[in-house]
Amino acid sequence: MNVSVKPNMTNHWMPFTNNRLFHEEPQMFAKAEGVKYWTPEGREILDGSSGLFCCAAGHGRPEIADAVYKQLSTLDYSPHFQRAAPVSFEFAEKLAGILPDGLDRVFFAGSGSEAVDTAMKMCLAYHRATGNAQRTRFVSRAWGYHGVNLGGTSLAGMVNNRRDFSGITCDVVHMRHTWTEEQKFTRGQPETDADLANDLEEICKTYGGDTIAAVFVEPIAGSIGTIVPPKGYLEKLRAICDKYGILLVFDEVITGFGRTGSAFASQAFAVKPDLITMAKALTNGAIPMSAVATSAEIQAAVFEAAGDADRPEFFHGYTYSAHPVACAAGIAALDIYAKDKLFERANELSSHFLDGVFGLRNLPHVSDLRGYGMMSGIQLTPGDAPGAKGSWAQRALFDEGLHVKATGDAIIFAPAFVSTEQDIDDMVAILQKVLGSPI
Ligand SMILES: Cc1ncc(COP(=O)(O)O)c(C=O)c1O
């Protein structure tokens with residue numbers, strides 16, 4: 001492979017990209033396998049962020065390609081409004097097998113953003129069904145990322161994702177984020193700051209706990225750069241939600257499917273939410289798909305409210321909900337996770353991975369390190385403007401042969417669980433070279 005011809009880049013308006021800079025210095029991938037990408041010119045790039053935290057089992061898994069081909073050639077598309085394809089029930093049942101106990105009802109959507117908005121509506125539908133239609137307010141957290149649809153934009157706690165869209169957001173109150181100076185360079189869960197969960201208690205006192213439908217949090221805040229919850233924090237959120245009858249939603253779009261060393265972060269931290277949103281590694285990133293899991297009780301309440309009427313119980317769904325090809329990819333992905341014991345592998349590899357990450361501590365461009373399981377955040381010293389250092393690092397690392405996602409001035413380093421220790425060492429060596437360069 002050596003495709004040195006630049007494509008015409010006029011027509012594709014790229015998402016979350018400085019399009020103008022990209023047109024000058026395109027950084028493209030033309031091929032992927034295992035934990036490597038190749039540029040169109042044939043240069044090898046190690047994948048330090050599992051694509052975008054999607055490809056937990058590595059790239060180019062033939063089991064998924066075969067399942068997708070087979071499904072496409074048998075039933076390429078089937079509507080899921082008043083119709084179904086058996087493969088969707090098979091996938092939901094298989095997924096229920098790894099979800100936290102009691103969260104075994106699964107609603108499919110197409111992206112993480114759609115899962116979040118679906119979960120918001122599910123919470124509203126549940127409260128309406130149980131005589132609490134006044135619960136219309138949501139609580140989320142500063143620095144949170146919950147996708148870019150309108151609900152998720154309202155929940156978002158990242159300034160750039162909100163600022164230009166304030167006119168279209170809904171009623172959300174934000175708790176503080178859980179990072180404090182004291183936690184700097186903490187490996188795993190911080191011992192301090194669980195009391196930040198009391199922000200929720202204060203919000204309940206200020207707005208009325210009985211006006212709040214749900215609290216949305218990422219158990220580990222991913223996109224902002226891996227902020228690990230203090231010990232006891234999620235437990236406190238759970239207790240306050242129970243006290244006020246508020247639903248707790250864990251957005252596990254990044255943390256789901258082994259990233260924490262357990263299938264879900266809910267299991268890793270032993271705190272059970274009422275709903276879980278998931279996407280990304282649901283199909284190992286091969287086909288877009290997401291899901292919301294909830295309990296039989298929540299589903300039953302919504303079903304019962306419909307009474308005997310011949311109508312959908314939940315007026316919500318997408319053309320691509322439970323797309324049969326995505327379901328086939330998802331079944332193949334779950335089979336790989338089980339067969340290759342990849343969640344256990346993530347757990348085993350974590351200590352070598354975190355050793356590598358925390359070995360970056362004294363580099364001139366590093367101001368903080370955080371990590372849990374196979375997920376880490378490398379905070380960079382500030383550059384000329386917010387985000388400038390992150391953008392520089394992302395490009396410099398690519399030039400040295402490492403792909404990572406940067407948000408603002410944080411790098412999110414989260415390789416695939418099929419990485420060998422040597423792969424991790426090679427990635428860390430590139431980080432060391434770039435982040436160790438003179439300021
Ligand atoms: C926690 C979380 N929720 C939601 C989303 C949105 O997912 P998508 O980009 O598939 O819409 C993301 C994406 O990174 C995420 O990290």
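User: How many Å separate the centres of domain 1 and domain 2, taken over C-alpha atoms?

Analyst: Happy to start there. This is a predicted model, in which local features need pLDDT of at least 70, side-chain atom pairs count only at pLDDT 80 or more, and totals for chains, interfaces and linings use all residues. Residues are numbered from 1 along each chain as its sequence is written. The protein chain is divided into domain 1 (19-57 + 342-435) and domain 2 (63-339), with bounds that come from an automatic or database domain assignment. Taken over C-alpha atoms, the separation of their centres is 26 Å.

User: Which element gives the largest share of the side of domain 1 that touches domain 2?

Analyst: Two residues are in contact if their C-beta atoms, placed from the backbone, lie within 7 Å. On that basis, 30 residues of domain 1 are in contact with 28 residues of domain 2. The elements giving two or more residues to this side of domain 1 include helix H2 (50-53), strand S11 (366-372) and helix H13 (342-358); helices (H or I, at least four residues) and strands (E, at least two) are DSSP runs, numbered from the N terminus. The largest share, seven residues, comes from H13.

User: Why does the largest nonpolar core lie between the domains?

Analyst: A nonpolar core is a set of buried Ala, Val, Leu, Ile, Met, Phe, Trp, Tyr and Cys residues joined through C-beta atoms within 7 Å, where buried requires 20 or more other C-beta atoms within 10 Å of a residue's own, placed from the backbone. This core has 130 residues, and Leu-247 and Val-249 are among those that touch the most other members. Its largest share, ten residues, comes from helix H12 (residues 324-339). The core lies between the domains because residues are given to it by both domain 1 and domain 2.

User: Which helix gives the largest share of the shell around the ligand?

Analyst: The ligand is surrounded by 14 residues, the closest being Ser-111, Gly-112, Ser-113, Gly-147 and Val-253; a residue counts as near if its C-beta atom, placed from the backbone, lies within 6 Å. Three residues of the shell, its largest share, come from helix H5 (residues 112-129).

User: Which residue in S3 does Tyr-37 stand opposite?

Analyst: Four strands form an open, mixed sheet in the order S1-S2-S3-S13, and two strands pair if DSSP finds at least two bridges between them. Strand S2 (residues 36-38) and strand S3 (residues 44-47) pair in the antiparallel sense over three bridges. Opposite Tyr-37 in S3 stands Ile-45.

Notes
A residue is buried if 20 or more other C-beta atoms lie within 10 Å of its own, exposed if 12 or fewer, and partly exposed in between; C-beta atoms are placed from the backbone.
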